[in-house]
Amino acid sequence: MKKNTKIALHWQILIGMLAGGLLALLMLQFSWGKNFVLDYVKPFGNIFIKSLKIIAIPLILASLIKGISDLKDISKFSRIGTRTIIIYMLTTVLAISIGLIVANIVKPGKMLKEETRIELMESFKSQADKSISIAQKQKEARPLDAIENLVPDNLFLSATDNANMLQIIFCAILFGFAMILIPEEKTKPVKDFFSSLNDIILKIIDLIMKFAPYGVFALIAGLIVEVPNSEVLSALLVYALCVFAGLTILMGIYCILVWSFTKRSPKFFLEKMAPVQLLAFSTSSSSATMPLTMERVEDELGVDEEVASFVIPLGATVNMDGTSLYLGIATIFIAQASGTDLNFAAQLGIVVTATLASIGTAGVPGASIAMLVIILEQAGIPEAGLALIFAVDRPLDMMRTVANVTGDACVAMIVGKSVGKLHDIKEKE
């Protein structure tokens, strides 16, 4: 019998990342190399991300409507929804707390030299001002605007922008509920349609992922040629290491939670999630990674579709544990660098503000920067200090996106186990 020698997807993606890095380093040796990568290589990475994003909303609509209508009982959905939201909130608070503890122990802001601080403030002032302007508009929102905005004026207009993910989820839940309340024989054609649509979208995901190594290759090459000078990077290395250490601790906690609640080993969990984590690292986008996350959670981790179809799309919107941890460390870093002392009450306020700010943060690269402005103002920290972190924000964004998608999968397994919807994966092998 002939053995299957096909290389696993996560190894293909990893090879693509390494090859992209080597190409970028090679091109930087030539005066024209940077422009060549940005003009002729990076666009293929952008095409890959867009390919994933265009199926995100159809995937949510099809899988969520199908999953809810299959429940046949609204009380079952209530159990899944309540447990999901509670666990998401708890893991978010935990992530922020880890970030604050790490930053207070290491004190990375105290290690930033004055001349480096001034250089960073000048170099990234325009980007900081832009983020402050965006955050200012968000602050002007009324207290109940977040709830009001859950209900769209027009579903089709909402479906044109992935940032409206919560509105799409609301409409899908409403549609699914209505199907439960109608006799099954009347909804069967619609249910069959969404079931077929879901299968088609999953097949599209399979086709797109065949090009993942090449897309990742282009994305990494484009990222590296845009990295700022090494002197600035070395000055911010301690801050970056703090974020990395915090995220590593958080990932370890995910593994412990999975083992404690589902009895699945950390090795099993991380191996199955490896392609998702590498894709998240490459794209810096929870939204772009979501189609693959759902596929792996259902097919490789054994979570039932009716659980995964709710937990994963919701998590891609409201469960930003990696982002929350980063917000905590970044706030303390900027405070220390600017000489602002934060007492216990102020840091407790950061936990509350960061928890609320992380909910609804768009799952796209750099979206958390605007949220950071709001937290800085609430804590009384100079907003201009935002310029201190822009130099290393993109690689850190890549790392925290990995934590975001891993947290979604962890919660999906826990919720699935708690409602009897976590299958023995050996049955599918």
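**Figure 1. Overview of the whole protein.** Of the 429 residues in the protein, buried residues make up 52%, and the model shown here, like each close-up that follows, is a predicted one. The secondary structure comes to 21 helices and 0 strands. When contacts between residues at least 6 apart in sequence are considered, 84% of them join residues at least 24 apart. The protein exposes about 19900 Å² in total, and carbon and sulfur atoms supply 65% of this area.

**Figure 2. Two segments that a database record annotates.** The unreviewed UniProt entry gives the annotation "transmembrane region" to several stretches of the chain, including residues 12–32 and residues 44–65. In the model, the stretch covering residues 12–32 is 76% helix and 0% strand, and its end C-alpha atoms lie 29 Å apart. For residues 44–65 the corresponding values are 91% helix and 0% strand, with the end C-alpha atoms 33 Å apart. Other stretches carrying this annotation in the record include residues 85–106 and residues 369–392.

**Figure 3. A nonpolar patch on the surface.** Five residues, namely Leu26, Phe30, Trp32, Phe36 and Tyr40, form a nonpolar patch on the surface, and together they have about 540 Å² of accessible area. One member of the patch, Leu26, is found in helix 1, which covers residues 9–27. Leu26 has a relative accessible area of 45% and therefore counts as partly exposed, since that class lies between the 20% limit for buried residues and the 50% limit for exposed ones.

**Figure 4. The surroundings of Thr84.** Thr84 lies in helix 5, a helix that covers residues 74–106, and this threonine is buried, with a relative accessible area of 0%. Once its neighbours within four places in sequence are left aside, Thr84 is in contact with Phe310, Val311, Leu314, Val411 and Val415.

**Figure 5. Cysteines without a disulfide.** A disulfide is a covalent bond between the sulfur atoms of two cysteines, and a search of the whole structure finds 0 of them. Why does Cys410 not form a bond with Cys255 in this model? The sulfur of Cys410 is 8.2 Å from the sulfur of Cys255, which is the closest cysteine sulfur, and this distance is too far for a bond, because a disulfide is counted here when the two sulfur atoms are within 2.5 Å. Cys410 is buried, with a relative accessible area of 1%. Cys242 is also buried, with a relative accessible area of 3%.

Notes
Residues numbered from 1 in each chain as written. Predicted model: local features only at pLDDT ≥ 70, side-chain atom pairs only at ≥ 80, totals over all residues. Heavy atoms only, no water. Patch = residues over 30% accessible without salt bridge, like charges linked within 9 Å, V, L, I, M, F, W, Y side chains within 5 Å. Areas by Shrake-Rupley, 256 points an atom, 1.4 Å probe, with all protein chains shown as cover. Salt bridge = Lys/Arg side-chain N within 4 Å of Asp/Glu carboxyl O. Helix = DSSP H or I, 4+ residues; strand = E, 2+ residues; numbered from the N terminus. Buried < 20%, exposed > 50% of the residue type's maximum accessible area, 1.4 Å probe, protein only. Contact = heavy atoms within 4.5 Å. UniProt positions renumbered as here; feature names shortened; annotations may be inferred.
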